[in-house]
Amino acid sequence: MNSFGRNLRSGERLVASVESDRQHTRAPLRVALPTALRVVDVHKSYRRRGIEVPVLQGVDLHINEGRFTSIVGQSGSGKSTLLHLLGTLDRPDRGEIWCDQQRIDNLPSQQRERLRNRTFGMIFQFYHLLPELTTLENVMVPKMIEHSVWRFWRHKRTIVERATTLLERLGLSHRLHHRPSQLSGGEMQRAAIARSLMSQPSILLADEPTGNLDRQNGQLVMESLLSLCRDEQLTIVMVTHDESIAKQADHRVQLVDGRVACA
Amino acid sequence: MYTLLLSWRYLRTRFIALASIISVTLGVATLIVVNSVMAGFVHEMRHRLHDILSDIEFDAGLGELSWPEHHQACIQEILGADMEASTMIVRVPALMTFDFRGRTMTQQILLIGIDEATYGRVCEIQPYLSNRHKQQLLNFFLEVDGYADKIGECGWGYRREKELLIREHSAWGISAQHQQREQEFAEISARLAGAPVEPVAAAARQMTADPAAMQLPDRVPNLDELAAGQEALSGRPFGDDDLQPFDSRSQYRPQPTADELFDPMRDQHTGIILGMAIANRKVIDQETNEVRDVFLLRPGDDVRVTLPTAGENPAPVAENCTVVDFYQSNMHEYDSTFAFMSLRRLQQLRGMIDPVTGECSVSAIQIRMKPGAHLDRARDKLIAELQPEYWGFVIQTWQDLQRPLLSAVNMELTILNILLFLIIAVAGFGILATFFMIVVEKTKDIGILKSLGATSRGVMSIFLGYGLALGAVGTGVGIAIGLVFVARINQIADGIGWLTGRQVFDPTIYYFSKIPTVVDLPMVVLVGLGAVGIAVAASVLPALRAARMHPVEALRYE
């Protein structure tokens with residue numbers, strides 16, 4: 001489950017993969033892969049000014065471990081909602097979500113927070129870095145949340161080293177002590193990827209990671225993600241409305257009106 | 001960890017919140033200044049009240065206390081080792097009359113007869129006397145020197161010079177009067193005889209009406225003649241030796257008997273120590289704007305004290321007294337009424353000494369306890385043993401005696417503190433509003449933190465920590481400003497006075513030359529904790545709101 005993290009600790013493979021991902025060729029699909037995430041008949045609706053707006057109307061989905069899955073669909077098709085449900089940021093009205101043989105949609109909030117901190121890594125369209133913190137501090141936030149003050153200070157050197165290594169691998173070694181406002185969009189998104197990898201998650205959830213970037217930067221981010229999936233066997237679920245981006249994934253799931261149209 | 005980091009970063013980057021904390025700073029500074037000045041006043045006041053009132057007073061109530069030595073022994077037995085000393089006093093209201101520039105002035109005083117030997121051990125009187133010799137040894141003799149400079153001319157030298165002047169002037173007065181009488185007699189005689197009025201008489205009238213035109217009469221004695229007269233009267237030559245200072249403490253000069261003529265040049269009447277405010281008026285000089293002392297009486301002047309005798313039929317008795325010193329406790333209430341006299345002499349005057357047995361009676365016994373002794377407990381013990389209410393006696397501690405004043409001051413202090421704390425409470429609402437705005441501004445950050453696994457409690461503690469940091473900074477600065485203000489309060493008061501043209505602190509009202517301050521450390525700590533508490537309390541609601549935010553809604557917030 002934490003193979004990516006274990007590999008990263010050796011500190012070599014990611015850098016190699018990031019550098020080599022420009023020439024990568026797609027690996028053949030494996031058969032009968034274990035399921036990382038399973039969504040069973042999930043319904044979700046929002047109430048807006050007293051009117052119930054259905055978003056997801058019975059979604060069934062299997063996401064294979066170590067694969068790159070993209071979820072596409074038009075605006076309002078419910079793809080972001082599905083991603084939030086997968087990342088335990090929200091609870092479905094009906095249905096079940098399973099992760100690693102464990103049902104996660106009805107967990108108490110303490111365990112859900114733990115899942116978000118250790119099992120899932122999340123990246124967003126608008127990067128969502130904390131503006132008051134430097135790039136390095138932003139990357140260390142998951143560890144700060146995980147540890148108490150005392151534990152953090154005891155392991156501070158290791159944590160800083162790890163965050164620095166991650167940022168170096170993603171080509172941000174010159175931006176360690178800059179504030180997010182001093183970074184470009186692509187740099188911010190790469191910093192966000194580094195942050196999402198800090199806790200050695202087994203599943204990476206990406207909500208339109210290239211949506212706010214130009215084509216070149218978007219491709220750079222995509223390549224980083226692809227290499228993570230390929231070389232570290234990290235399970236990635238990405239929401240996008242850009243078909244050209246979606247095509248690069250191993251699986252493509254299309255949502256139409258809150259239902260899976262084709263997988 | 002992230003809570004501390006974010007609280008600290010918010011503190012450094014959100015200056016609007018620092019602005020909201022300025023009211024906390026001002027409130028804290030004001031509270032510290034007001035409390036320190038009030039505590040200074042109260043401390044000075046209690047100190048002075050306590051000094052003059054002794055620890056416990058056994059008061060004879062409206063009557064007199066017979067057998068005081070017996071009572072003293074009883075008290076000593078009851079209090080045992082806790083008692084330090086005791087003394088007897090006689091207190092009686094009296095009228096004091098004196099001449100000032102030819103006008104007779106009358107002043108009501110509270111005459112207190114004190115025992116020179118023991119009074120100083122029970123009540124602090126000596127530090128408040130003007131004469132430095134009397135500060136060492138309490139007595140009722142006029143001194144030659146040692147008086148405070150501000151009194152100016154006083155003591156034996158002043159008394160003698162004044163006496164010489166009086167004699168000179170009275171000699172003038174007699175001769176002028178006599179001449180006028182003679183002229184009037186001549187006028188009347190001439191009118192009766194039908195003769196015209198001689199022009200001499202008119203000239204004489206004019207002469208007496210206009211002192212400037214008046215010539216010295218032939219019969220004005222000069223100083224040599226006066227000295228000769230003295231020599232003849234006292235039977236010994238009057239020389240320069242008599243003007244030499246002599247140590248009045250070295251020997252007691254008894255009141256002159258009928259056959260021995262009282263000579264103000266050499267003798268004093270019964271010594272009396274007056275409260276400073278009886279004899280002194282403080283006036284503000286219109287030109288220089290400085291406070292100036294005007295003395296109606298000085299040590300060396302004679303006054304007349306009229307007081308009622310003790311017993312069934314009180315009758316007024318008058319006694320000539322000589323002012324020997326001033327008493328200045330800076331408590332206006334005391335300084336404007338108290339006058340001290342020898343206990344023995346006052347007992348004689350009031351007829352408080354039994355002519356047959358020689359037993360004296362007194363008004364009260366004052367008791368000094370050892371340091372650290374519990375006054376209320378000692379008072380209760382005395383009351384239980386002596387049953388004072390049966391005889392109409394009153395046993396009170398000094399705090400009981402001044403309870404109305406002390407409780408009024410305490411009440412004032414409490415209300416002032418409540419009002420000033422309301423300032424900080426108002427500041428709390430400012431913090432509340434600012435924090436709500438910051439929480440709204442930080443909605444997205446809250447969503448990010450929650451998506452990264454931050455707990456609601458963690459998010460809440462960011463804002464509580466922020467409130468705590470703001471409160472601590474505001475309070476710290478407030479305490480610093482307050483303490484500096486207190487340390488420099490007199491200079492600041494002078495500065496404000498100079499700026500506004502009005503005196504902030506008027507020494508003529510308070511009888512303090514400077515504003516007294518006492519910084520009470522527990523008070524400072526309490527004010528600090530209160531202010532920080534209010535800042536944290538004001539951040540609770542916004543922090544709760546932040547904690548309850550839904551992560552998805554927070555992330556979507558624009």
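Reasoning from a predicted model

Q: Why are α5(A) and α7(A) called oblique to each other?
A: In this predicted model, the axes of helix α5 (residues 135-146) of chain A and helix α7 (residues 156-169) of chain A cross at roughly 120 degrees. Angles of 65 to 115 count as roughly perpendicular and those over 145 as roughly antiparallel. The crossing fits neither range, and α5(A) and α7(A) are therefore oblique to each other.

Q: Which residues of α5(A) and α7(A) meet?
A: Thr135(A), Leu136(A), Val139(A), Met140(A) and Lys143(A) in α5(A) are in contact with residues of α7(A), among them Ile159(A) and Leu167(A). The contact of α5(A) with α7(A) has 7 nonpolar, 2 polar and 1 charged residues.

Q: What makes up the side of chain B that touches chain A?
A: The contact takes 19 residues from chain B and 20 residues from chain A. On the side of chain B, α1 (2-13), α16 (443-451) and α21 (551-556) each give two or more residues. The largest share, 7 residues, comes from α1(B). By class, this side of chain B has 11 nonpolar, 5 polar and 3 charged residues.

Q: Which elements of chain B have the lowest and the highest mean pLDDT?
A: Helix α7 (residues 199-209) of chain B has the lowest, 46, and strand β9 (residues 338-342) of chain B the highest, 94. Chain B averages a pLDDT of 81, on a scale of confidence from 0 to 100. Over residues 199-221 of chain B the pLDDT is below 50.

Q: What ipTM does the predictor give the complex?
A: The ipTM is 0.84, and the pTM is 0.65.

Terms used:
Residues numbered from 1 in each chain as written. Chains lettered and ligands numbered in written order. Predicted model: local features only at pLDDT ≥ 70, side-chain atom pairs only at ≥ 80, totals over all residues. Contact = placed C-beta atoms within 7 Å. Helix = DSSP H or I, 4+ residues; strand = E, 2+ residues; numbered from the N terminus. Nonpolar A, V, L, I, M, F, W, Y, C, P; charged D, E, K, R; others polar. Axes fitted to C-alpha atoms, helices over the stretch in contact; angles between N-to-C directions. Parallel < 35°, antiparallel > 145°, perpendicular 65-115°, else oblique. pLDDT = per-residue confidence, 0-100.
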